[in-house]
Amino acid sequence: MTLLQEFSFAMQASQFQPFHRRSFLKRSLASLGTTSLLTAASLRAQEGSPPQRTADDDIREALQKVKLSMLFQGSNPDEFRAWQKSFYAQLHQLLGDSKPPAQWKIKQESEVKLDDHTRLQLLLQAPGVAPLPVYLLLPNTLRKNNQAPGVLCVHGHGAFASDAVVGRRDLEGIEASIQKANYDYGLQFVRRGYVVAAPCMRPFGRRVDRPRYGGKDPCAVNFVRMQSLGQLPITANIRDLRWAIDLLQSRPEVKKDRIGCAGLSYGGRMTMMVTAMDQRIKVASVSGALNLLQERLSRRYSCGVQVIPNLLQYGDYSEIGSLIAPRPCVWETGSKDGLIVPKWDDVFRKRLQNAYQALGAKQNLVFDRFEGAHRWNGAVAYPLFEKVLK
């Protein structure tokens, strides 16, 4: 009888002789050249030993114990303003400098005149800073010497980035993406009479060469690479969004003190970030991003361009969102959005409510929970933008 035949026979008989089975497994696996580690693992599994603790287990446990030392605990305007000033300073220290270039120039790449608006494709350029591609949409309803409010429209993940936001239906395959997420909110805003800036962030759209990543997530890879240089993708993107605000304010068609911001998914996260960091934004709509870093990191998560190292020592996205107060802000969530976890979005909502209530501005905090999945809605946002900006 060969060793393999003997192995098969022993396995069939093992239910009657469990002790001899283990002894035979040791001998057989060693004879077959199997490593001692595999033998030990197999025996532990046979004897009902628990699986070995993993690094993921350690991280999840640590995430459950984070202290968030700078949560707002007050109840009146003075206490909140003091907290807001302190947390803003701490966030600025974590992020680093996000100021846009002081001097820059514009290269116009294309101009397309459409039925209801004109679409400019621009490249913002400054020494020592990566060029920023930006779409600028101008409503045709604007008359000479007239001005309109400006809206910064921020894209999320996806192959089409800002192309989808401005409704570039001339591009192959984009229609399905737009339909699925109601993604062309930049086009919707310009049709409502706003001047729209829609920048392309890193590492998305024309700012990433995905085949070079070999199937790896560009968000995670960029985070690791930039952090090794003492930089953060999220800070670079905040700088670029603030640069796009500079662009809006530089245009003669735009009312400089009437700027709004809107975005879906990662665009929602970055709408929250840039509105928190830049007081020039008077109203915002954060869509599909009512989730916390503490929750995201404890689940499947690889979006390095949303990570702020050491943030959880002090607060979470909810505290960053609270920096927007008392300015009006809509938080959109779809009833079927799998990225929004009810237990955690309740925590987020309550922290935001505490902030606005302390300032006596609870009417400026609006939650739009609509029937649908991970998509832009706008049903509440559009009237609010109209009220604040026009």
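Let me begin with how the elements are named: helices (H or I, at least four residues) and strands (E, at least two) are DSSP runs, numbered from the N terminus. By that naming, proline 203 lies in the loop between β5 and α9 (218–228), and the peptide bond that leads into proline 203 from arginine 202 is cis, with omega near -5°.

Before going on, I should say that this is a predicted model, in which local features need pLDDT of at least 70 and side-chain atom pairs count only at pLDDT 80 or more, while totals for chains, interfaces and linings use all residues. Residues are numbered from 1 along each chain as its sequence is written, and side-chain values use heavy atoms, with hydrogens and water left out.

A second cis peptide bond joins alanine 325 and proline 326, with omega about 5°, and proline 326 sits in the loop between α13 and β8. As general background, most residues other than glycine have a negative phi, and most peptide bonds are trans. Leucine 68, in the loop between α4 (55–64) and α5, is not a glycine, yet has a positive phi of about 45°. Leucine 68 counts as buried, because its relative accessibility is 6%, where buried means under 20% relative accessible area, exposed over 50%, and partly exposed in between, with a 1.4 Å probe and protein chains only. Alanine 161, in the loop between β4 and α6 (162–165), also has a positive phi, near 50°, and at 3% relative accessibility alanine 161 is likewise buried.

Turning to the strands, I count two as paired if DSSP finds at least two bridges between them. Strand β2 (residues 117–126) runs antiparallel to β3, joined by 9 bridges, with threonine 118 partnered by leucine 138 of β3. These two strands form a hairpin with 2 residues between them, and glycine 128 in the turn has a positive phi of about 75°. Strand β3 (residues 129–139) has 8 of its 11 residues buried, and β3 also pairs in the antiparallel sense with strand β5 (residues 195–199) over 4 bridges, where leucine 137 has valine 196 as its bridge partner.

The parallel pairings involve β6. Strand β4 (residues 148–154) is joined to strand β6 (residues 254–264) by 6 bridges, one partnership being valine 151 with glycine 260. On to strand β7 (residues 281–287): β6 pairs with β7 in the parallel sense over 6 bridges, and cysteine 261 stands opposite alanine 284. With helix α11 (residues 266–277) between them in the naming, β6 and β7 make a right-handed β-α-β unit, right-handed meaning that, with the strands pointing away from the viewer, the path from the first strand over the helix to the second runs clockwise.Finally, what volume does the largest pocket have? The space in the largest pocket is about 690 Å³, taking a pocket, on a 1 Å grid over the protein atoms alone, as an open set of points where a 1.4 Å probe fits, with protein on both sides within 12 Å along at least five of seven lines, and lining residues as those with an atom within 4 Å of a point. Of the 23 lining residues, the closest to the centre of the largest pocket are His157, Ser265, Arg296, Leu339 and His374.

Notes: Points joined across faces, edges and corners; volume = space filled by probe spheres on them.
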